[in-house]
Amino acid sequence: MRTVLALMNRNRKLFFKDKGMLFTSMITPVILIVLYATFLAKVFRDSFTAAIPDVITISDKLINGTVAAQLTASLMAVSCITVTFCVNLTMVQDKANGTRKDFDVSPVSSGKIYLGYFLATVVNSLMVNGLTFVLCLGYLLKMGWYMNAADVLWVLFDMILLVLFGSTLSSIISFPLTTQGQLSAVGTIVSAGYGFICGAYMPISNFAAGLQKVLSYLPSTYATSLIKNHMLHGVFVEMERKHYPGEMVDAIKGTLDCNPVFHENVVSVNQMIGIMLGSIAVFGIIYYIVTVSSDR
């Protein structure tokens, strides 16, 4: 275990030593929250207000708070996954610059080497996304705050789950890559496409029925819905406190993807957590198998 921790610290320090990669990872959340607030806020607001009957009046603060919570949840859902691909660059860099040849002739197994990469990816990604979370909380304070301490802790738990999910996924995809150009191409594809398939850029409820059914089989759908449920929990409690019709609140939850459906059954929050834990376990086993088999 001491060897694995030493490798993890080595990879973690290399991430901070590369000022360009560190700056890019740190500035990305700032850029994303500005872009989301600029271009997606209106889309989210229109989607939310469309579910409100004309006879019911909702305060601007509650509307802004709902939109801000949905926006920040979407940002966190994307950032927790895409950042891991950027942070995981060390694995590919070692292959590109020949460092892995030194590791391969050492008495350290490939399994331990790749575990060191994985743990460093998790730790560094948590740090970057921790900054993202702080920025999101600041944005919520400005637009409309409805979360309590339990909600914040739940979102932190969601962030850890999503980072573990993203780290296992990025580690599997990065494993066969040998050049930085290949990883950059993969990272570009993931950054461009993941936000759409997970329902971050546009609620999945707005997609065609066939596409909704396909996406219901992907764990990314439930990852985004999970963090949305906890980000928006305070908003829904406030709506209930003001005695808004239950049908309207349920319609809003459906519009915002808080009640995802799988084979005509609504997936609960606990089931979403189970799906994420199961996905992390499956991807972790796959990563373990491919890394151990590389010793042969």
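This passage describes the core, two buried helix residues, the cavities and one pocket of a predicted model.

The largest nonpolar core contains 77 residues. Within this core, Ile58, Met231 and Met239 have the most contacts. Helix α3, which spans residues 60-87, supplies the largest share, with 14 residues. In soluble globular proteins, nonpolar side chains tend to be buried together. The surroundings of Ile58 can be listed, with neighbours within four places in sequence left aside. Ile58 is then in contact with Phe48, Ile52, Ile63, Tyr244 and Met248.

Two residues of helix α3 were examined in turn. Ile81 lies in this helix. Its relative accessibility is 0%, so Ile81 counts as buried. Apart from neighbours within four places in sequence, Ile81 is in contact with Leu162, Phe165, Gly166 and Tyr194. A further pairing links distant parts of the chain: Ile81 and Ser167 are 86 residues apart in sequence, yet their C-alpha atoms are separated by 7.4 Å.

Thr84 also belongs to helix α3. Thr84 has a relative accessible area of 0% and is therefore buried, since the cut-off is under 20%. With neighbours within four places in sequence again excluded, the contacts of Thr84 are Thr121, Ser125, Val163, Gly166, Ser167 and Ser170. Gly166 thus appears in the contact lists of both Ile81 and Thr84. Ser167, paired with Ile81 by C-alpha distance, is in direct contact with Thr84.

The structure holds two cavities of 30 Å³ or more. The largest cavity encloses about 40 Å³ of space. Its lining is made up of Asn11, Phe15, Val87, Asn88, Thr90, Met91, Tyr117, Ala120, Thr121 and Asn124. Thr121 is also a contact of Thr84. Three helices each supply at least two lining residues: α1 (2-17), α4 (89-96) and α6 (110-143). Of these, α6 provides the largest share, four residues. By class, the lining has five nonpolar residues, five polar residues and no charged ones.

The second largest cavity holds about 30 Å³. Gly65, Ala69, Leu140, Gly144, Trp145, Tyr146, Met147, Met231 and Val235 form its lining. Two elements, α3 and α10, give two or more residues to this lining. Seven of the lining residues are nonpolar and two are polar, with no charged residue. Met231 connects this cavity with the core: it lines the second largest cavity and is among the residues with the most contacts inside the largest nonpolar core.

Attention then turned to the second largest pocket. About 330 Å³ of space lies in this pocket. Its lining comprises 21 residues. Gln212, Ser216, Pro260, Val261 and Phe262 lie nearest the pocket centre. At least two lining residues come from each of α9 (209-215), α10 (219-241) and β1 (261-262). Helix α10 gives the most, with five residues. The lining of this pocket includes seven nonpolar, ten polar and four charged residues. Helix α10 therefore has a part in two linings, as an element that gives two or more residues to the second largest cavity and as the element that gives the most to the second largest pocket.

Methods:
Residues numbered from 1 in each chain as written. Predicted model: local features only at pLDDT ≥ 70, side-chain atom pairs only at ≥ 80, totals over all residues. Heavy atoms only, no water. Core = buried A, V, L, I, M, F, W, Y, C linked by side-chain atoms within 4.5 Å. Buried < 20%, exposed > 50% of the residue type's maximum accessible area, 1.4 Å probe, protein only. Contact = heavy atoms within 4.5 Å. 1 Å grid on protein atoms, 1.4 Å probe; cavity = no way out; pocket = protein on both sides within 12 Å on 5 of 7 lines; lining within 4 Å. Points joined across faces, edges and corners; volume = space filled by probe spheres on them. Nonpolar A, V, L, I, M, F, W, Y, C, P; charged D, E, K, R; others polar.
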